[in-house]
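Please take me through this structure step by step, beginning with the order of its elements and ending with a single residue and its surroundings.

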Amino acid sequence: MRKTLVIEGMSCGHCAAHVARALNAIAGVRAQVDLAHKTALVEAAEPVPDEVLLQAVQNAGYEVVAIHD
């Protein structure tokens with residue numbers, strides 16, 4: 001599984017690190033956050049429901065505005 005999340009609210013490296021920690025805490029997920037493009041590339045061997053990804057980012061204090069496969 002590979003998805004790109006478009007995230008609002010990230011404005012600094014600390015924000016990007018916070019989002020990366022939240023997503024990487026999901027079992028089996030490897031995420032890389034691109035602050036310049038306000039995106040996170042999420043990869044996992046097994047499918048992860050969009051709702052799980054959304055909740056992790058929301059719990060970190062940010063908003064997912066789009067998810068692209």
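**From the whole chain to one residue**

Read from the N terminus on, the elements of the protein chain follow the order β-α-β-β-α-β. The radius of gyration of the protein chain is 10 Å, close to the 11 Å that the globule rule gives for 69 residues, so the chain is as compact as a globular protein of that length. This is a predicted model, and what follows should be read with that in mind. Counted by type, the secondary structure of the protein chain consists of two helices and four strands.

Taken along the principal axes, the box that the C-alpha atoms of the protein chain fill is roughly 30 × 20 × 15 Å. Of the 69 residues in the protein chain, 35% are buried. Among the contacts between residues at least 6 apart in sequence, 63% join residues that are at least 24 apart.

The surface can be described by its area and by its charges. The protein chain exposes about 4000 Å², and carbon and sulfur atoms supply 52% of that area. As for charge, there are 5 positive and 8 negative side chains in the protein chain, and 7 Å separates the centres of the two sets.

Strand β1, which covers residues 2-8, is a useful place to look at the strands in detail, with a covered face made up of Lys3, Leu5 and Ile7 and an uncovered face made up of Arg2, Thr4, Val6 and Glu8. Strand β1 is joined by five bridges to strand β3 (residues 39-44), and the two run antiparallel; within this pairing, threonine 4 stands opposite leucine 41 in β3. Five bridges also join β1 to strand β4, residues 63-68, and this pair likewise runs antiparallel. Here valine 6 has alanine 66 in β4 as its bridge partner.

One residue of β3 can now be followed more closely, namely threonine 39, which lies in that strand. Is threonine 39 buried or exposed? With a relative accessible area of 17%, threonine 39 falls under the 20% limit and is therefore buried. Leaving aside residues up to four places away in sequence, threonine 39 touches Thr4, Leu5 and Val6, together with Met10, Gln32, Val33 and Asp34. Among these contacts, Leu5 belongs to the covered face of β1, while Thr4 and Val6 belong to the uncovered face.

Definitions and conventions
Residues are numbered from 1 along each chain as its sequence is written. This is a predicted model: local features need pLDDT of at least 70, side-chain atom pairs count only at pLDDT 80 or more; totals for chains, interfaces and linings use all residues. Side-chain values use heavy atoms; hydrogens and water are left out. The radius of gyration is taken over C-alpha atoms; the globule rule is 2.2 Å times the number of residues to the power 0.38. Buried means under 20% relative accessible area, exposed over 50%, partly exposed in between (1.4 Å probe, protein chains only). Contact means heavy atoms within 4.5 Å. Accessible areas come from the Shrake-Rupley method with a 1.4 Å probe; for residues, only the protein chains shown count as cover. Lys and Arg count as positive and Asp and Glu as negative; His and the chain ends are not counted. The place of a charge is taken as NZ of Lys, CZ of Arg, CG of Asp or CD of Glu. Two strands pair if DSSP finds at least two bridges between them.
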